[in-house]
Amino acid sequence: MTNLSDQQRDHIQQVFPVFSHVPDESWDLAQLVRVTPSTPHSIREGHMLQHAMFIMDGWIRVFKISSSGKEITLYRVGSGQCCVLMMASILGETEYEASVSIEAATEVLLIPVAQFRTWMNTHQPIRQYIFKQFIDRMTNVTHLLENVAFQSIPYRIAEYLLLQSAQASSVFITHERLAVELGSSREVITRTLKDLAAKKAIVLGRGRITITDRSILNLIIHPLL
């Protein structure tokens, strides 16, 4: 007997159409769970995953911590997505190579690893979905690595602020959190933000950065324009 109701399976297949190919009798071990930022979990670097996880709604953040304790955000996973590093660990039968932070109330579809491997072997649309997720994330992570390796902190801050302020003039983030997002130190971030504020590109507030002159930020990214 499945743990999921017909209504829940219908909802799963709306969010993840690739699962519409899975017959009803194959859902007996799948679960839907709801977690929040305060929910304890063990999904850290080195963990052996017991379930494949798919985000129904909400957000999780996938990040790495260096040996010195510096943290950097790799990417976020939202509705209709999965963590490709989790998929790589499951399919390669290796330890998970990142850590997870739950950023909002999130509903997660859990499928036991053995069951998921069977689905991957049996249903081509699921394989195609996973491979596409790999390609999309590889592009994002490659861009991140290029920025870390080749771009200055002012460039990376300017790019981040412009992207995050596309719909509004303010970005609600602390200096410490921005350092985590960019894989830098709080001191370097604060110094650079103060320099941008002195140039009248931004105004700093408590947990808030307001963009006042986008052209200055654009000039940092495209100095020849």
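A residue counts as buried when its relative accessible area is under 20%, and as exposed when that area is over 50%. These terms recur throughout this report, which describes a predicted model.

## Overall architecture

The protein contains eight helices and 10 strands. Its C-alpha trace spans about 65 × 35 × 35 Å along the principal axes. Of its 225 residues, 43% count as buried. Among contacts with a sequence separation of 6 or more, 68% are made by residues that are 24 or more positions apart.

## The four-stranded sheet

One open sheet is built from four strands in the order β1-β7-β2-β5, and its pairing is antiparallel. Strands β1 and β5 (81-82) occupy the edges with a single partner strand each, so one side of each has no neighbour in the sheet. The pairing of β2 with β5 is antiparallel and comprises two bridges. Within this pairing, Phe54 has Cys82 of β5 as its bridge partner. Helix α2 lies across both β2 and β5, and runs at about 160° to β2.

## Aromatic pairs

Phe54 also takes part in a ring pair with Phe116, and both of these residues are buried. A search of the whole structure returns nine aromatic pairs. A pair of aromatic rings is described by the distance of the centres and the angle of the planes. Two of the pairs are set out below.

| Ring pair | Distance of centres | Angle of planes | Class |
|---|---|---|---|
| Trp27 and Trp119 | 4.9 Å | 65° | edge-to-face |
| Phe54 and Phe116 | 5.6 Å | 55° | tilted |

The angle between the planes of Trp27 and Trp119 is 65°, and an angle over 60 degrees counts as edge-to-face, so the pair falls in that class. Trp27 is located in the loop between α1 (6-15) and β1 (31-35), whereas Trp119 belongs to helix α3 (residues 113-122); the pair therefore ties together parts 92 residues apart in sequence. Trp27 and Trp119 are both buried.

For Phe54 and Phe116, the planes stand at 55°, so the pair is tilted. Phe54 is part of strand β2 (residues 51-57) and Phe116 is part of helix α3, so this pair ties together parts that are 62 residues apart in sequence. The residues of both tabulated pairs belong to one aromatic cluster, formed by Phe16, Phe19, Trp27, Phe54, Phe116, Trp119 and Tyr129.

## The three-stranded sheet

A further open sheet has three strands in the order β8-β10-β9, again with antiparallel pairing. Its edges are β8 (170-171) and β9 (202-205); each has a single partner strand, so one side of each is left without a neighbour in the sheet. Strand β9 pairs with β10 (residues 208-211) in the antiparallel sense through four bridges. Leu204 has Ile209 in β10 as its bridge partner. Helix α7 (residues 186-198) packs on this sheet and touches β9 and β10, with its direction making about 130° with that of β9.

## The contact between α4 and α5

The axes of helix α4 (residues 124-150) and helix α5 (residues 153-164) come within 9 Å and cross at roughly 145°. On the α4 side, the contact involves His143, Asn147 and Val148, which meet Tyr155, Arg156 and Glu159 of α5. By character, the residues of this contact comprise two nonpolar, two polar and two charged.

## Individual residues

Thr73 is situated in strand β4 (residues 71-77). Its relative accessible area is 6%, so Thr73 is buried. The side chain of Thr73 makes a polar contact of 3.2 Å with that of Glu181. Leaving aside residues up to four places away in sequence, Thr73 touches Arg61, Val62, Phe63, Leu144, Val180 and Glu181.

Glu93 and Lys200 were examined for their backbone angles. Glu93 is not a glycine, yet it has a positive phi of about 55°. Glu93 is found in the loop between α2 (84-92) and β6 (99-102). With a relative accessible area of 58%, Glu93 is exposed. Lys200, likewise not a glycine, has a positive phi of about 70°. The loop between α7 and β9 holds Lys200. The relative accessible area of Lys200 is 61%, so this residue is exposed.

Methods: Residues are numbered from 1 along each chain as its sequence is written. This is a predicted model: local features need pLDDT of at least 70, side-chain atom pairs count only at pLDDT 80 or more; totals for chains, interfaces and linings use all residues. Side-chain values use heavy atoms; hydrogens and water are left out. Two strands pair if DSSP finds at least two bridges between them. Contact means heavy atoms within 4.5 Å. Axes are lines fitted to C-alpha atoms, for helices over the stretch in contact, and angles run from 0 to 180 degrees between N-to-C directions. Buried means under 20% relative accessible area, exposed over 50%, partly exposed in between (1.4 Å probe, protein chains only). A polar contact is a pair of N or O atoms within 3.5 Å; within protein, one must be able to donate a hydrogen and the other to accept it, and residues adjacent in sequence count only if both atoms are side-chain atoms. Rings of Phe, Tyr and Trp (its six-membered ring) pair if their centres lie within 6.5 Å; planes under 30 degrees apart count as stacked, over 60 as edge-to-face and the rest as tilted. Ala, Val, Leu, Ile, Met, Phe, Trp, Tyr, Cys and Pro count as nonpolar, Asp, Glu, Lys and Arg as charged, and the others, Gly among them, as polar.
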